[in-house]
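This report introduces a protein model to a reader who has not met it before. Please keep the sequence and the three-dimensional view at hand while reading.

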Amino acid sequence: KKLLKYGAQYEGKRTDAAMQKWRSNRFGQFIHWGLYAIPGGEWKGKTYTYAAEFLKSSAHIPNSTWDSLQYQFNPVKFDPKTWAKMAKKMGVKYMTITTKHHEGFCLWPTQYTKFNIGNTPYKKDIIKALVDAYNSEGIDVNFYYSVLDWHHPDWRYDIKTKEDSIAFSRYLTFAQNQLKELAENYPSVKGFWFDGTWDQSIKKNGWWTLQVEQMLKSIRPGVVVNSRLRADDYGARHFDSNGKMMGDYESGYERRLPSPTDTQVIHRDWEACMTIPENQWGYHKKWDISYTKTPLELIEMLVQTTSLGGNFLLNFGPKPDGTIRIEEQQIAEHIGNWMKINSAAIYNAGHAKGWPRQDWGYFTQNETTGKLYAVVFNIPISGILKIQTLEGITISKASFLEKPDVPITVKEIAKKQVNLYLPQQSFSEPFVIILDTINENKNKYIDAKT
Ligand SMILES: C[C@@H]1N[C@@H](c2nc3ccccc3[nH]2)[C@H](O)[C@@H]1O
């Protein structure tokens with residue numbers, strides 16, 4: 001065990017109300033919006049297929065050219081209420097907005113750099129507009145902040161010279177000032193989502209990452225900070241050199257989920273963030289240059305994440321005119337229709353402790369009532385949902401969440417094995433079954449002698 005100054009500051013899940021709210025939210029909307037939306041993955045007539053928010057590096061565009069995009073940023077059709085209403089209907093309980101992405105452009109009128117929304121034709125504070133609109137829909141707002149900053153002259157990827165360390169300490173002060181500004185000026189912020197912290201320069205300054213987290217928590221008690229911010233005394237990230245998670249939840253799942261049988265993640269808070277295309281966070285003019293996930297695939301990801309006790313943050317990349325592209329609107333509507341019927345299996349639900357992984361789908365369990373849900377994605381040809389139960393537990397009743405009066409026959413066929421007989425009907429959407437369970441202390445089945 002190493003003695004660490006900048007490692008994990010506590011162990012186990014936070015149990016305070018702010019964290020319980022963060023956890024119970026379960027489903028969130030990520031929004032990546034910045035100057036990169038203007039070119040939308042295309043430059044000088046060429047389409048670049050790598051992530052659109054990386055176009056500056058993909059197309060080797062110099063800072064001076066890229067930064068001049070700020071004089072074109074004018075989302076004349078931007079209406080934060082429209083975005084917030086869409087998000088509400090989709091069923092998200094929180095939203096995470098890029099206040100500043102790697103390009104360094106700030107969506108709020110920061111006093112620490114001119115490279116911000118105030119110096120664009122649009123002028124107005126987009127962060128404030130979004131915080132107010134989303135909060136008035138009852139949706140919590142978190143701030144994404146990229147420590148990596150391609151624009152700022154004092155940013156360094158590594159610290160090799162005295163000059164580097166002098167410049168980089170100026171950068172760390174700049175970034176800390178910006179974060180203080182965000183925490184103070186938008187008091188309803190519920191969390192900070194740090195990105196761009198993988199370079200040597202940050203790994204050599206673990207002290208700063210802890211200091212920032214502590215500063216944010218002193219300005220905004222209860223605020224939730226992701227593991228991706230932190231580096232410890234030895235440059236270890238997310239998990240310190242003693243294997244302890246840093247920050248309030250694990251945020252390493254970017255465009256990937258843990259396997260449904262990964263029993264590690266269920267012991268901590270975590271969040272997966274997900275693109276709809278294969279790898280586009282910012283707006284790309286060409287929607288289908290890569291595989292785009294269907295609403296049903298995204299719903300399954302949300303349920304799989306919930307079943308493993310994690311949050312699911314689904315990304316949207318608004319257009320430069322301030323509207324949400326139609327493909328994303330349609331996906332939001334489909335998911336929203338599903339959530340309207342089935343959100344009881346998601347909100348304030350999590351891992352069903354001890355229940356084994358099932359072929360037909362996922363268990364989720366309400367954290368407060370203990371109510372058990374079976375979310376079905378794969379119906380067997382037999383029409384029989386076979387459930388392996390827990391030792392001494394059996395299922396006394398099963399009913400559809402959507403249609404409680406449609407009977408589902410339940411038959412215990414052997415020890416820890418129950419059959420549910422689904423009605424002969426076709427299902428076009430995943431559905432939820434509420435399972436009532438009872439503890440049976442008597443064991444009425446004979447084990448085979450082998
Ligand atoms: C949450 C995601 N993280 C950013 C990112 N930057 C990267 C640099 C190198 C490799 C992967 C990256 N993902 C993406 O642009 C997006 O903001």
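The sections below take up the ligand, one helix and a number of individual residues.

## Basis of the report

The structure is a predicted model.

## The ligand and its surroundings

The ligand is surrounded by His32, Glu53, Phe54, His101, His102, Tyr144, Trp193, Asp195, Trp198, Glu254 and Trp281. By residue type, this shell divides into 5 nonpolar, 3 polar and 3 charged residues.

Polar side-chain atoms approach the ligand at several points. For Asp195, a polar side-chain atom is placed 2.7 Å from a nitrogen atom of the ligand. For Glu254, an N or O atom of the side chain is 2.9 Å from a ligand nitrogen atom. Tyr144 has a polar side-chain atom 3.4 Å from an oxygen atom of the ligand. On its own, the ligand has 400 Å² of accessible area, and the protein covers 78% of it.

## Helix H8

Helix H8 comprises 14 residues, 206-219. At 1.5 Å a residue the helix should span 20 Å, and its end C-alpha atoms are 20 Å apart, so the expected span and the modelled one agree.

The buried residues of H8 are Gly206, Trp208, Thr209, Leu210, Val212, Glu213, Met215, Leu216 and Ile219. In an α-helix there are 3.6 residues a turn, so residues three or four places apart point the same way. The buried residues of H8 pack against two helices, H6 (162-185) and H7 (200-203), and two strands, S6 (191-195) and S7 (224-225).

## Leu210 within H8

Leu210 lies in helix H8. Its relative accessibility is 6%, and it counts as buried because this value is under 20%. Apart from neighbours within four places in sequence, Leu210 is in contact with Lys5, Tyr6, Gln9 and Arg230. The contact with Lys5 joins residues that are 205 places apart in sequence, and their C-alpha atoms are 9.1 Å apart in space.

## Arg14

Arg14 is found in the segment before helix H1 (17-25). Is this residue, Arg14, buried or exposed? With a relative accessible area of 12%, Arg14 is buried.

The side chain of Arg14 reaches the backbone oxygen of Val223 at a distance of 3.0 Å. With neighbours within four places in sequence left aside, the contacts of Arg14 are Met19, Arg23, Lys217, Gly222, Val223, Val224, Asp248 and Asp269.

## Strand S8 and two residues with positive phi

Gly252 has its place in strand S8. At 19% relative accessibility it counts as buried, because the value is under 20%. Not counting residues up to four places away in sequence, Gly252 touches Arg228 and His238. The C-alpha atoms of Gly252 and Val376 are separated by 27 Å, and these residues are 124 places apart along the chain.

Most residues other than glycine have a negative phi. His238, although not a glycine, has a positive phi of about 65 degrees. His238 is found in the loop between S7 and strand S8 (250-254), and it is buried, with a relative accessible area of 14%. Arg255 is likewise a residue other than glycine with a positive phi, near 65 degrees. Arg255 lies in the loop between S8 and strand S9 (270-274). At 31% relative accessibility, Arg255 counts as partly exposed.

## Two glutamines in loops

Gln358 is placed in the loop between strand S11 (349-350) and strand S12 (361-366). It is buried, with a relative accessible area of 2%. A polar atom of the Gln358 side chain lies 2.9 Å from the backbone oxygen of Pro356. Residues up to four places away in sequence aside, Gln358 touches Phe363, Lys386, Ile387 and Gln388.

Gln424 is found in the loop between strand S17 (417-421) and strand S18 (431-439). At 78% relative accessibility, Gln424 counts as exposed, whereas Gln358 is buried. The C-alpha atoms of Gln424 and Gly34 are separated by 50 Å, and the two residues are 390 places apart along the chain.

Notes: Residues are numbered from 1 along each chain as its sequence is written. This is a predicted model: local features need pLDDT of at least 70, side-chain atom pairs count only at pLDDT 80 or more; totals for chains, interfaces and linings use all residues. Side-chain values use heavy atoms; hydrogens and water are left out. Helices (H or I, at least four residues) and strands (E, at least two) are DSSP runs, numbered from the N terminus. The expected span of a helix is 1.5 Å times one less than its number of residues. Buried means under 20% relative accessible area, exposed over 50%, partly exposed in between (1.4 Å probe, protein chains only). Contact means heavy atoms within 4.5 Å. A residue is near a molecule or strand if one of its heavy atoms lies within 4 Å of it. A polar contact is a pair of N or O atoms within 3.5 Å; within protein, one must be able to donate a hydrogen and the other to accept it, and residues adjacent in sequence count only if both atoms are side-chain atoms. Accessible areas come from the Shrake-Rupley method with a 1.4 Å probe; for residues, only the protein chains shown count as cover. Ala, Val, Leu, Ile, Met, Phe, Trp, Tyr, Cys and Pro count as nonpolar, Asp, Glu, Lys and Arg as charged, and the others, Gly among them, as polar.
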